[in-house]
Amino acid sequence: MINKIEYVHEPTDLQCGQAVLAMLTGLPAGQVAKELNNDRETTLKEMKTFLRAHGLWVSYERKEAEDKSDLPDVCMLSLETPRCWHWSLYCGGVFYDPEHGVMDDFPVCLRKYYWEVKI
């Protein structure tokens, strides 16, 4: 269980994945981008590989959520927002969205997928 998440706003419009990885690992987003050798959109493979390399467990299976009651205690989210596909983080009943801030519910989105994360 991850005890405390420190919110990280995405450094650029294309770095929501790096911000989610930074929040989960406690590393600065710039360091995450450097380790990934990627300062643009991240792929699912990059997200999972990075988390596992930093000692976190990530589920293999993608699951769909209708509302937050479907979510495990900690998970990374892939959300189809009106503008684009977007990475976000859910932990302990709180959404830590790199673009929209700390929220009580999902940002506006059509489809919601998640992967459970554990230390």
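Okay, let's start with the pocket. The residues lining the largest one are D13, L14, C16, E41, T42, S78, R83, C84, W85, H86 and W87. Keep in mind that what we're looking at is a predicted model. The volume of that largest pocket comes out at about 200 Å³. Which element gives the largest share of the lining? That's strand 4, residues 85-91, with three residues. If you sort the lining by class, you get five nonpolar, three polar and three charged residues.

Let me pick one residue out of that lining, S78. You'll find S78 in strand 3. Is S78 buried or exposed? It counts as buried, at 11% relative accessibility. Skipping its neighbours within four places in sequence, S78 is in contact with W85, H86 and W87, and also with R111, K112, Y113 and W115. And W85, H86 and W87 are on the list of pocket-lining residues too.

Now, on to the inside of the protein. As a general point, nonpolar side chains in soluble globular proteins tend to be buried together. Here, the largest nonpolar core has 24 residues. Which of them have the most contacts inside that core? Those are V20, L24, L51 and M76. Several elements feed into this core: helix 1 (16-25), helix 2 (29-36), helix 3, strand 3 (74-80), strand 4 and strand 7 (112-118) each supply at least two residues. Helix 1 gives the largest share, six residues. There's also a second, separate core, this one of 11 residues, and it includes C75, L79, F106 and C109.

Let's stay with helix 1 for a moment. Nine of its 10 residues are buried, so helix 1 is largely enclosed by the rest of the structure. The buried ones are C16, G17, Q18, A19, V20, L21, A22, M23 and L24. What do they pack against? On the helix side, it's helix 2 and helix 3, and on the strand side it's strand 3, strand 4, strand 5 (94-97) and strand 7. Right after helix 1 comes G26, which has a positive phi, near 80 degrees.

Back to two of those well-connected core residues. L51 sits in helix 3, residues 44-53, and it's buried, with a relative accessible area of 0%. Leaving out neighbours within four places in sequence, L51 is in contact with L21, L24, T25, L56, V58, M76 and V117. So what about M76? With residues up to four places away in sequence not counted, M76 touches V20, L44, M47, K48, L51, V58, W87, S88, Y113, Y114, W115 and V117. If you want a sense of distance, take L51 and G101: they're 50 residues apart in sequence, and their C-alpha atoms are 22 Å apart in space.

Helix 3 has another residue I'd like to show you, E46. At 21% relative accessibility, E46 counts as partly exposed, and the cut-off for buried is under 20%. Its contacts, again leaving aside neighbours within four places in sequence, are L36, N38 and E41. E46 and L36 are 10 residues apart along the chain, and their C-alpha atoms are separated by 7.4 Å.

In the loop between helix 2 and helix 3 you'll come across N37. Generally, most residues other than glycine have a negative phi. N37 is not a glycine, and yet its phi is positive, about 55 degrees. N37 is also exposed, with a relative accessible area of 71%.

Last stop, the cysteines. How many disulfides are there? The count comes to zero. Take C91: it's in no disulfide, and the nearest cysteine sulfur, that of C75, is 9.0 Å away. The cut-off for a disulfide is sulfur atoms within 2.5 Å. C91 counts as buried, at 7% relative accessibility. Then there's C109, which is in no disulfide either; the nearest cysteine sulfur there belongs to C84, 11 Å away. C109 is buried as well, with a relative accessible area of 13%, and you've met it already as part of the second core.

Key. Residues numbered from 1 in each chain as written. Predicted model: local features only at pLDDT ≥ 70, side-chain atom pairs only at ≥ 80, totals over all residues. Heavy atoms only, no water. 1 Å grid on protein atoms, 1.4 Å probe; cavity = no way out; pocket = protein on both sides within 12 Å on 5 of 7 lines; lining within 4 Å. Points joined across faces, edges and corners; volume = space filled by probe spheres on them. Helix = DSSP H or I, 4+ residues; strand = E, 2+ residues; numbered from the N terminus. Nonpolar A, V, L, I, M, F, W, Y, C, P; charged D, E, K, R; others polar. Buried < 20%, exposed > 50% of the residue type's maximum accessible area, 1.4 Å probe, protein only. Contact = heavy atoms within 4.5 Å. Core = buried A, V, L, I, M, F, W, Y, C linked by side-chain atoms within 4.5 Å.
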